[in-house]
Amino acid sequence: MPEFLDIKHLDAGYGRSQVLFDVTLGIPWRGGVAVLGRNGAGKTTLMKTIVGELPAWKGEVAFDGRDISRRATQERVRAGIGYVPQEHSVFARLSVRDNLAVGSLASKKDDAVDHVLTIFPKLGQRLDQPAGTLSGGERKMLAIGRAMLGDPKLLLLDEPTEGVWIGVIEEITERLIELAKSIAVIIVEQHLDLALRVADYAYVLDRGRVALQGQANDVRVNPELMRYLAP
Amino acid sequence: MPKSMTVVREAIAGDEADGAMAERVAAGQAKEQVKAGRKVLPIVEGVVLVAALLAPLVLQDYLTVFATRVIILALFALSFDLVWGYAGIMSFGQALFFGSAGYGVALLARDLDITNIFVVLPAGTLIGLTFALLLGGFLLLGRHPSSVIFVSLGTLTGSYAADRLARGWYYLGGQNGIPSIAPMSLGGYEFTEGPAFYYLVLGILVVVYLLCRFLVRSQFGLALAGLRENEQRIAFFGYKVQHLKAIIFAIGGAIAGLAGSLYAFHEGFVWPNMVGVVVSTQVVLYVLFGGSGTLIGAVIGAVIVEGVSFWLSDNYREIWPIILGLLLLLVILFRPLGLISFVLGERERVGSFGAKPKETVKRTEKQTEKEKRNAAP
Amino acid sequence: PAPWANAAEGPIKVGIATDLTGPIAYAGNADANVAKMVIKEINTAGGLLGRPLELYIEDTASNESVAVGNVRKLIQRDKVDMVLGGITSSMRNAIKDPIVARGKTLYIYPQLYEGKECTPYLFCTGPTPAQQCDEFIPWLIKNGGKKFALPSANYVWPHTLNVYARKVIEANGGEVVFEEYYPLDQIDFSSTVNRIISNKVDVVFNTVIPPGVGPFFKQLYEAGFLKNGGRLACVYYDENTLNINQAAEIEGLASCLDYFKVLTKENPFDAKIQAAYEKDFPGNFLFAAGSAATGTYRGLKLWEAAVKEAGKVDRDSVAATLDHAKIAEGPGGPAEMVPGKRHCKMKMYTAVAKGGNYEIVGRSDGLVDPKEC
Amino acid sequence: MANAFVAAFEILSFGAIIVLIVLGLGIIASMMGIFNFAQGEFVLLGAYITYLAYAKGLPIWAGMVAAPFVVGALGFVLEALIIRRFYAAPIVAMLGTYALGLIIRESVRGLIGGFYLTVPEPIGGSIDIGAMHISAWRFTIIVITLLVMAGCYLLLSRTSFGLRMRATLENPSLARASGISTPLMYGATFAFGSALAGLAGALIVPVFSLYADLGLRFLIQGFVAVMVGGVGSFIGPVAGAGVIGTLSAALPWVMAPVVADVLVFVLAIVFIKFRPQGLIAGKGV
Amino acid sequence: MPLLEAADIKKIFGKLTALDGAALTVGENEFHGLIGPNGSGKSTLMKCIAGAEVPTQGKVSFINTDITAFTPTERARAGMSLKFQITSVLPTLTLYDNILLALQAQSSLFDLVFSRTRDALHDQVMTMLTQFRLADRAFDAAAALSHGQQQWLEIAMALAGKPKLLLLDEPTGGMSLEERRVTGELLQPIKKHCSLVIVEHDLDFIRDICDRLTVLDQGKVLASGTVSEIQANKSVQEIYLRRA
Ligand SMILES: Nc1ncnc2c1ncn2[C@@H]1O[C@H](COP(=O)(O)OP(=O)(O)OP(=O)(O)O)[C@@H](O)[C@H]1O
Ligand SMILES: Nc1ncnc2c1ncn2[C@@H]1O[C@H](COP(=O)(O)OP(=O)(O)OP(=O)(O)O)[C@@H](O)[C@H]1O
Ligand SMILES: [Mg+2]
Ligand SMILES: [Mg+2]
């Protein structure tokens, strides 16, 4: 049986500089997958290529059995991919309320926004504030909330806990573990512990190549791991 | 509560370099041409200079006169390029300085009979400088930086208002402008159109060009680039942003004023369009067409736009404005960085202030390799 | 081509600089057409001094800076013997120096204008304020009333014309209720219309120009000015401008020019040139007085006469004979230069718009003096 | 009293005309971040289409109805072919649309031969109230302007269109990542803004007659109105247009028109300088 | 005498009171950590100190001068340097130019125009780039860096001006544990000539490098003291257990 998201021999990059080299990975229908690697390893680039913000130079991206590597981002998203970018992850001039409204444009559930607000009560107090004026952590919460509202079948999270306070990280982690029971989650994360708690499987990128992969628990104890994460 | 609103805007603008902007930068980056290494600019500059020096020898009389005009306009384009291409200040009303200097020297000639080149050119330069300081001081300066759109539409409106003022003001000749300006003089010699005037103007252009070139390649030029990229950010480094903007805007105004006074004497008349929107837009087109952010691009743009319109109006009399529009559109669409980008790489266009890039890279690459090995456990 | 007697000396070069593009292109193209027609006519008749005429047309593009460049082409590249052209006053001002002072060439300006142009070697063949006002304003006072309003576009022609008009109005027992100037592209005239209505003005002596004039007349009409017996007067209104408004909005508008198309009914010569023009140039560019087409015709013919008399084409000789040149036939009748004045005497007609066409209601007894310089 | 009423009506009607013209400009500027220098030419095209219908013997209102659709469709096409490349650079967009405007304007000039052509109003004459006459057509324009304004407001506030549009402008890549089809949004918005310009042109041509510079005449005034009102919302530019239109019609009642003309712009710049966010800061619709 | 003293700072955004009488005192050569839950006002306090926000009320003094009314430029020239929470490098300029821009900021106009410091600064630029492991990308545009690399560059730029007080707002966001450790090591040597205020969520990191801590909660200072004092503080433990 094919994987839910199947990436084969993917090359990608910016302009003429290639960043990803022959990346092959598979994401199952359910459960978490962590993508690790040091700064500049190509994690964000991989995420962008999956949602289609960057074109794949070579190779194949298949989602739900269909090749999506030529599809526009919005089509991929409508097909069920949710994405929390690393930077610029909220609509800065739109209010928090409108940000959430954009997230739920495609959603059928009425109480979805309320649900997000129970997860992140902090946002409830900031509904009319332009999202650009939120604090760093609040912004991340909003971005995650927004992506969750679209009922994705595959959720891509690019460093969702950067700048988030430990108290909230715990909350987010639990939600993600919960979520990973019903959908697929790809998480790029520097908190190794967190990442490997959410993920069952992990890939480690090094200079644009998959350097290491395996079950989360195996990767965690792999002596090679530190070498790929240290600067 | 106006205060807190501005604060909100500022927070948004300053903090979250907004997504659209990020996309812009990324788009620009993606187009990066890897033509580094070779230095193309000096070659282009040299070719243009030689061509300009030889032009009167091969051109007929009237074409030399035309070429003189073009060179004056190139000087004007230079002033705009400095302000927009280097410092990122969108002066959509650059004609205001050009034209007011033109009017100024025309009045000197008409009312005071002063046409001495050593008086009128400095006077024109000074007028341009003063007007730039006044308008710039009003529009650009202040605690809260003005947005590009505000500056561009503000200067545009300023120039529009000046145009209308000139049309309405009888002393300035109203709609008719000031005709029959006496030629510029030096002692008994009169600069009428022709090769002498041409070389005079070319000389001035070369000197101004070299000064500008020196300026933008100095560390001051780097400060200007910082200003263009993110004015608020560099204030936190300790740059006196207000001074920088005032200085560069005033220099731009002064050069425009110099060009305007030359133009007035060369054409022999000034009229309201000269301060207005049409000429303001025209200079923006020159620079965009040639390639903003490279001094030579401004010159090339002026030469080509003027040359092409001249040729078109000769050969496609009825429809030349349409063809010109089409050409402009095509260049803007397919060469948003201007014609110069055909020969010039992105990096060289944006400029780089590091010394001897190649050597340094090699040296440090070795070092980092070593360091990486060291860092690895 | 005809066998030219003096072919060896080469053709005589006539330069036309006029607005072929831009806002007043309709006038410029008509002028260029007239020039083509006249030159062709002269050439068919054997040329001038046994030499063919060669026409050089440059576009002044309704843009003074383009114009100067292009006029220089005529002078310096084509080395024409004479330049005729320019429609607006500002255009004349811009190009006269390159032609006359720096270019040392003869310049003929064909358009009706504000007068006061007394530059040597510059000859004007269109009507002057005196020609347009002296007979017209008394007629207006008789057929409209004594209270005049002078709404005007803010540029030189209206200013200067109004000074003259005011003198004539007051000399004939009329009164100027107000004289006001507007930006050239103003298109809302509510306050003006209000002043006209509330001051019970009899005659609106208008020098507002397009684009403002259309909305202005419409607003006047809608405010009931015509209904209450008001009279519109506008001395540049010719057949071109009739279309700006619907016929009802300008019913009774009076104009005073050197030519109207209706004259073809009474003048065989006018009928002849009108027909010749329409045959060659059947398009939209009308042979009309307000766009300087008649002045162009007159100017070229006067110049032809002058060259014939001089027997040479150099500037000074032609200027000397053009000084007193005459033509027996031209649009609207004969014309002659007033010696020493470089302006032209011609017949003037007063016409009134009725249902979208002009009717001649008055004609000058003889040639009217320009009273300039 | 009667005089004051007429004055108020006239001033209001000119204000309405400016609002009508600025509507489309404002939507494109606020929603797409593009100051469209060709907007005046879209107005011109609307006027020209109305004239064409009239010249071909069709009823004038038919031309007026067709104008917004034709111009809107053209806007859609132009967006896909040209404008789309400009979102990355607002200044380049100004110049690009300027060139586009030049092309359209000069083509239309060629088509109408540089003349001033009259188009009669479908509802002509004046409404007489006692001794006062007010123009029936200007009155109609006021009514239509109000209706169109209300319609746009509802569209932008009651449907998700406005939200999608603002999201797209704010951060296109994130908008795509939220499932919004940004190309479609841009196309639709630009077409909508152009259609409004077409409508404006159709409605004002009987008042001002048709000529090639018809639209250009309003352009800078429109930009100033947008700035005064505040970029970033629908209401802002509309309010700005109301103020600028009313001001430029009202000032000549109390001072020399030539002075009034310049004064409007000077006042506007000073206002914007000290209240850069505009009359109505970019909030809500 | 402390180097920096911010007293009774209040910042109100519309209806929201982001800072409610917060205070911060930093001594010379002191590394001071600023911690607290999301939205507690840490970044806002940093901005008030650096001049990016104007406090509604309160006073900031720096090296015995009241700088409350100073512009950011004046503060920078007085010896302050800030790294924003959200990276804001100058995207189209090269890394080299980014650093040089920061280094030359306080040169006189004359020196800038005649490029009198260019050569002198060259080695410094290269040293900084090498220190932050960016040297091989010295002539790439800053926009081409990954998020983490941009953080490095930001820190380098903040350090470049040789400030007396360095304000770092979450400098290690997006860095792995190892990378954080290296950053900490890079920061240690500046202690000789510079004080540091650092905002961080990673308590281990903060503990490692800071001398003193201030804890903010809902715009108020909850506690301030040495690391061990704070760790022992009851109310601090409480909020760190409480959910946000
Ligand atoms: N310009 C603004 N307008 C309105 N509210 C604002 C503005 N700036 C900040 N806030 C609010 O003030 C509060 C404090 O924000 P601040 O950025 O200082 O938090 P922080 O402590 O840095 O949080 P984090 O750890 O998430 O970065 C937040 O709730 C934020 O939403
Ligand atoms: N816009 C761009 N243009 C060119 N190169 C880029 C661009 N963005 C990133 N890169 C390069 O691509 C490589 C991978 O970047 P990427 O952002 O994917 O890294 P990352 O693994 O997400 O790192 P981080 O942990 O710092 O976020 C880096 O070397 C970076 O310099
Ligand atoms: Mg990343
Ligand atoms: Mg913060």
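Tutor: A residue counts as near a molecule if one of its heavy atoms lies within 4 Å of that molecule. This is a predicted model, in which local features need pLDDT of at least 70, side-chain atom pairs count only at pLDDT 80 or more, and totals for chains, interfaces and linings use all residues. Residues are numbered from 1 along each chain as its sequence is written, chains are lettered from A and ligands numbered from 1 in the order in which they are written, and side-chain values use heavy atoms, with hydrogens and water left out.

Student: Which residues come nearest to ligand 1?

Tutor: Ligand 1 lies between chains A, B and E. Of the 23 residues around ligand 1, those that come nearest are A:S135, A:G137, E:K42, E:S43 and E:T44.

Student: What percentage of the area that ligand 1 exposes when taken alone does the protein bury?

Tutor: An oxygen atom of ligand 1 is 2.6 Å from a polar backbone atom of A:G137, and another pair joins an oxygen atom of the ligand to a polar side-chain atom of E:N38 at 2.8 Å. Taken alone, ligand 1 exposes 630 Å² (accessible area by the Shrake-Rupley method with a 1.4 Å probe), and the share of this that the protein buries is 96%.

Student: Which side chains meet in a salt bridge across the interface of chain B and chain E?

Tutor: A salt bridge is a side-chain nitrogen of Lys or Arg within 4 Å of a carboxyl oxygen of Asp or Glu. Across this interface the rule finds 1 salt bridge. At 3.2 Å, N to O, the side chains that meet are those of E:E154 and B:R233.

How values were computed. A polar contact is a pair of N or O atoms within 3.5 Å; within protein, one must be able to donate a hydrogen and the other to accept it, and residues adjacent in sequence count only if both atoms are side-chain atoms.
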